[in-house]
Amino acid sequence: MELKAALAECCWGHPHEFHSVITSTNERAKAWAQAGAPEGALVVADHQSAGRGRFGRTWVAPPGTALLFSVVLRPALEPPRAPLIALLAAAAVRQAVEQDTGIRAAIKWPNDVLADGKKLAGVLAESLLAGSHLAAVIAGIGVNVNQETFATERATSLYGLKGRTYQRFGLLATILEEMRIRYQALLAGDSVALLAECRTHSATIGQDVVLSGGGGQIRGRAVDIDSDGRLVLDTQDGLVRAVAGEVTTGEDVL
Ligand code: BTN
């Protein structure tokens with residue numbers, strides 16, 4: 001399916017840009033947002049030469065295999081609530097993947113999508129501030145669609161899970177629609193359904209975890225996601241609420 005045809009029914013993606021190669025769709029969307037791109041402006045790429053992940057990591061995928069895009073959002077939210085955008089993006093990807101492929105995926109807090117315990121998709125949400133006001137959020141999403149192999153055993157793709165290739169832009173349209181539904185509810189003041197969904201489909205809650213970030217580590221049992229999207233950990237020192245960080249679970253917790 002052509003990108004233009006896939007986006008025809010979407011409320012986001014107007015305007016949109018498609019790049020055969022770009023450094024990073026997030027970088028381009030950020031520059032576009034700074035130059036006045038409207039809400040819903042979308043940047044899609046076949047390949048990124050400098051794709052970025054969380055914590056300054058790189059995001060790598062062979063040309064033409066992954067779904068790589070960034071959407072410009074202009075939410076009327078207080079900056080501390082901006083992390084909810086990343087959460088809603090992960091929830092939307094999880095739902096869209098299930099809807100389009102039947103694959104049962106889970107959300108690893110805060111915004112990775114796992115299937116079969118391996119990373120299927122990641123979200124990099126970046127805020128642009130104008131003073132103390134949230135001018136835009138760039139929601140950048142990478143979904144492993146048709147990659148046949150990975151350098152790590154911790155990643156998978158739709159192809160790896162189902163043994164067949166998928167139309168990337170059809171999935172893009174489903175993700176955008178699922179994002180829009182959750183985004184409208186959030187802006188209308190309703191984050192209850194989103195948080196319930198994140199709890200129900202969490203790969204993190206109920207696990208003994210190590211949370212790394214900000215130069216330190218916290219060890220505890222993940223017991224909840226609170227109304228601001230923070231991870232609640234039951235630790236030796238009582239309940240701790242984490243706004244951000246990287247969670248390690250399972251056999252990786254020594
Ligand atoms: C992560 O898991 O660390 C987040 C990965 C986010 C990758 C996507 S690919 C499209 C967009 N452009 C980027 O440079 N990064 C995001």
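User: Which element supplies the largest share of the lining of the largest pocket?
Analyst: This is a predicted model, in which local features need pLDDT of at least 70 and side-chain atom pairs count only at pLDDT 80 or more, while totals for chains, interfaces and linings use all residues. Residues are numbered from 1 along each chain as its sequence is written, and side-chain values use heavy atoms, with hydrogens and water left out. A pocket is an open set of points on a 1 Å grid where a 1.4 Å probe fits, with protein on both sides within 12 Å along at least five of seven lines, and lining residues have an atom within 4 Å of a point. Five lining residues, the largest share, come from strand S6.

User: Which other elements give two or more residues to this lining?
Analyst: The lining of the largest pocket counts 41 residues, and nearest its centre lie Trp59, Asp112, Lys119, Arg154 and Ala155. Elements are DSSP runs: helices (H or I) of at least four residues and strands (E) of at least two. Besides S6 (118-130), those that give two or more residues are H2 (25-34), S3 (67-73), S5 (112-115), S7 (133-143) and S12 (246-249).

User: What is the volume of the largest pocket, and what occupies the space?
Analyst: A volume is the space filled by probe spheres set on the grid points. For the largest pocket, this volume is about 1100 Å³. The space is taken by the ligand.

User: Which element gives the most to the shell around the ligand?
Analyst: The shell holds 20 residues (each with a heavy atom within 4 Å). Among the closest of them are Ser24, Gln48 and Arg54. With four residues, the greatest contributor to the shell is S6.

User: How far from an oxygen atom of the ligand is the polar side-chain atom of Lys119?
Analyst: Polar contacts with the ligand are pairs of N or O atoms within 3.5 Å. A polar side-chain atom of Ser24 lies 2.7 Å from a ligand oxygen atom, and a backbone N or O atom of Arg52 is 2.7 Å from a ligand nitrogen atom. For the polar side-chain atom of Lys119, the distance to an oxygen atom of the ligand is 2.4 Å.

User: How many charged residues are in the shell around the ligand?
Analyst: Asp, Glu, Lys and Arg count as charged; Ala, Val, Leu, Ile, Met, Phe, Trp, Tyr, Cys and Pro as nonpolar; the others, including Gly, as polar. The shell has six nonpolar and 10 polar residues. Its charged residues number four.

User: Which element gives the most to the lining of the second largest pocket?
Analyst: The second largest pocket holds about 330 Å³ of space. Its lining comprises 19 residues, and Pro83, Ala86, Asn111, Ala125 and Ala244 are the closest to its centre. Helix H3 (83-101) is one of the elements that supply at least two lining residues. The most, five residues, come from S6.

User: In which loop does the proline of the cis bond from Trp109 lie?
Analyst: Most peptide bonds are trans. The bond from Trp109 to Pro110, however, is cis, with omega near 0°. Pro110 is placed in the loop between strand S4 (106-108) and S5.

User: What is the approximate phi of Phe55?
Analyst: Most residues other than glycine have a negative phi. Phe55, in the loop between strand S2 (42-45) and S3, has a positive phi. Its value is near 55°.

Note on methods:
A polar contact is a pair of N or O atoms within 3.5 Å; within protein, one must be able to donate a hydrogen and the other to accept it, and residues adjacent in sequence count only if both atoms are side-chain atoms. A molecule sits in a cavity or pocket if more than half of its atoms lie within 2 Å of its grid points.
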